[in-house]
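I set out to record what I looked up in this model, entry by entry. The notes follow the order in which I consulted the structure.

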Amino acid sequence: SSNMEDDVSLKFRQQLLLIDENLVAEDVAALKFLCTDLLPFKKLERVKSALDIFQLLMAEEYLNEEDTFLLAELLYRIKCHSLLKKLGYTKEKVQECLHEKGRVSLYRQMLYELSENITNEMLKDIIFLLQNWLPKRRITLSALELLILLERQGLLTENNVQMLEGVCMRVSPDLLETINCYKRAKVSLPQQENTLPVKESSLSHTGGIRVFTSPQCIIDIVLILNPKHSPLPATNTKINSIPAETRTVRFAVSGEVFSFFLSFLQKLTSYKMDGPHRGFCLVINNVNFNGSLQERKGSCKDAGELERVFTWLGLDVRTYENLTSCQIKNVMETWQRLEDHKDRDCFICCILSHGESGAIYGKDEELVSIRMIMSHFTAKQCPQLAEKPKLFFIQACQGKEIQRPVYVEADARIPDLSSMQQSVSPSESIPEEADFLLGMATIDGYVSFRHIEQGAWYIQALCSKLQLLVPRGEDILSILTEVNEDVGRRVDRWGTKKQMPQPAYTLRRKFIFPIPKDPPPS
């Protein structure tokens, strides 16, 4: 038994060592910050590596071989999702358990999220504004170190964010909005504890509403019921188990609290989409080809629809027609070098053409790899778009043509060459780094369909669902799920041809378009 315990302990420490080896200095700094409310500050100050933090957590009995959840939560919050499997967790499993086991306070989450959105330029301005409160000796501070310094001097606490508000108001109103959401949520929920979730013992049964949150934007609403005035038991009752009539009344009474918290939660878990400019959207529409590829009738309708919808969503749309493979590469290089991206929230590129597995055709009928197109916009190649969402939508076949009727065409080459090509899945086309989404009209190896008058099934469904669901506040993955359902239901007029789109993505947060002031274009 003793040997078995030793084996378990050794395996556990080996897991910690492996995790430590995969964390860089910025990750260690983030872990230190998130542990500030859990570990003595003097001890945290001496931390040099992730192993030091693990040792402190074990000494305080927050971490042991039987219970590794706190470490899983910390890795989840700093977005090191690939390391979770070393502890036997997945991202989804952590999300499920957070509302019961989460220990990082809402206040600490808010400060960490704020630090992630403070650029180097903003940081310089904040330090300049606060120079009277900072040490006289010249030191280089990170955003996290600055926040810790303010906390140590008593200038920043869970109940007092006034000074932080003041500097953010001067430097960036976007940052101020995050703080204001936190303040309003805190005022609306005065009984809320530092750490989410609130344990059952700390809940008062005086009537009202409590909102529990988990970082993936799932909201768990719990009614605190007064036994004297309610036919329901005085316990934490999940909203799904309460009759609809009761729910409606409770929402009417506490709708303001709900909207405050929803707004705050969305800020913490979504990409920043409230800058002065939304971003650029490229539409490459290849209709005519030099050789055996057929004219793509109906594609101009798709290009026009994309331009109208993305303009409505606030993007600056640029359309290109009938580009050769070289011209496509040149266009990507031009946009890769554009300095104006730094003032934009996102980047979108739509390509309409014939295609094969993992590639699209230029007008000259030469293939261009989708991965190569997307790789122009990695953080290294296009630093202005680093950490910003980059969305690519491809309307093209990804495999061999099948027999098709007159009114529905397939976006594939007429000579069946694709069966000789190596298959490339969408997940292989996407660059191996965060913040990309690739929306494909069809799964690998299959054709996608385009009506010669009404346009492509995929593009028409995409435009339709964007117009329907963006005003409802839906995120892009939810919208693409609806697009899948729409396209999956469609058949040609003979009822024999079907299509299923496929997204691949490395997005770290929810991508939600701000709701446009104008009504949808169609």
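Entry 1, aspartate 37. I looked up the contacts of aspartate 37 in this predicted model. Setting aside neighbours within four places in sequence, I found aspartate 37 in contact with Ser105 and Arg108. I then checked the spacing to the second of these partners: the C-alpha atoms of aspartate 37 and arginine 108 are separated by 8.1 Å, although the two residues are 71 residues apart along the chain. I placed aspartate 37 in the loop between helix H2 (25–34) and helix H3 (41–45). Is aspartate 37 buried or exposed? I noted it as partly exposed, because its relative accessibility is 44%, between the limits of 20% and 50%.

Entry 2, helices H7 and H9. I turned next to the pair formed by helix H7 (residues 106–117) and helix H9 (residues 143–152). Their axes are 9 Å apart, and the helices pack at an angle of about 135°. H7 is therefore oblique to H9. I recorded the crossing of H7 past H9 as right-handed. Which residues make the contact? From H7 I listed Tyr107, Arg108, Leu111, Tyr112 and Ser115; from H9 I listed Ala143, Leu144, Leu147, Ile148 and Glu151. Sorted by class, the contact of H7 with H9 has seven nonpolar, one polar and two charged residues. I noted that Arg108, listed here for H7, is also a contact of aspartate 37.

Entry 3, serine 142. I located serine 142 in the loop between helix H8 (120–129) and H9. Its relative accessible area is 30%, so I entered serine 142 as partly exposed. I also looked up its spacing to leucine 123: the two residues are 19 residues apart in sequence, and their C-alpha atoms are 7.8 Å apart in space.

Entry 4, helices H13 and H17. I examined helix H13 (residues 299–312) together with helix H17 (residues 457–469). The two axes cross at roughly 20° and come within 10 Å. On that angle H13 is roughly parallel to H17, because angles under 35 degrees count as such. The crossing of H13 and H17 is left-handed. On the H13 side, I found Lys301, Asp302, Glu305, Leu306, Val309, Phe310 and Trp312 in the contact. On the H17 side, I found Ile459, Gln460, Leu462, Cys463, Leu466 and Gln467. By class, this contact of H13 with H17 has eight nonpolar, two polar and three charged residues.

Entry 5, cysteines. How many disulfides does the structure hold? I found zero. Why is cysteine 350 not bonded to cysteine 281? The closest cysteine sulfur to that of cysteine 350 is in cysteine 281, and the separation of 4.3 Å is too far for a bond, because a disulfide requires the sulfur atoms to be within 2.5 Å. I entered cysteine 350 as buried, because its relative accessible area is 0%. Cysteine 168 also counts as buried, at 0% relative accessibility.

Entry 6, the whole protein. I closed with the totals. The protein has 18 helices and 15 strands. Of its 522 residues, 51% are buried. I also looked up how far apart in sequence the contacting residues lie: among contacts between residues at least 6 apart in sequence, 71% join residues at least 24 apart.

Notes. Residues numbered from 1 in each chain as written. Predicted model: local features only at pLDDT ≥ 70, side-chain atom pairs only at ≥ 80, totals over all residues. Heavy atoms only, no water. Buried < 20%, exposed > 50% of the residue type's maximum accessible area, 1.4 Å probe, protein only. Axes fitted to C-alpha atoms, helices over the stretch in contact; angles between N-to-C directions. Parallel < 35°, antiparallel > 145°, perpendicular 65-115°, else oblique. Left-handed = near helix turned anticlockwise from the far one by under 90°. Contact = heavy atoms within 4.5 Å. Nonpolar A, V, L, I, M, F, W, Y, C, P; charged D, E, K, R; others polar.
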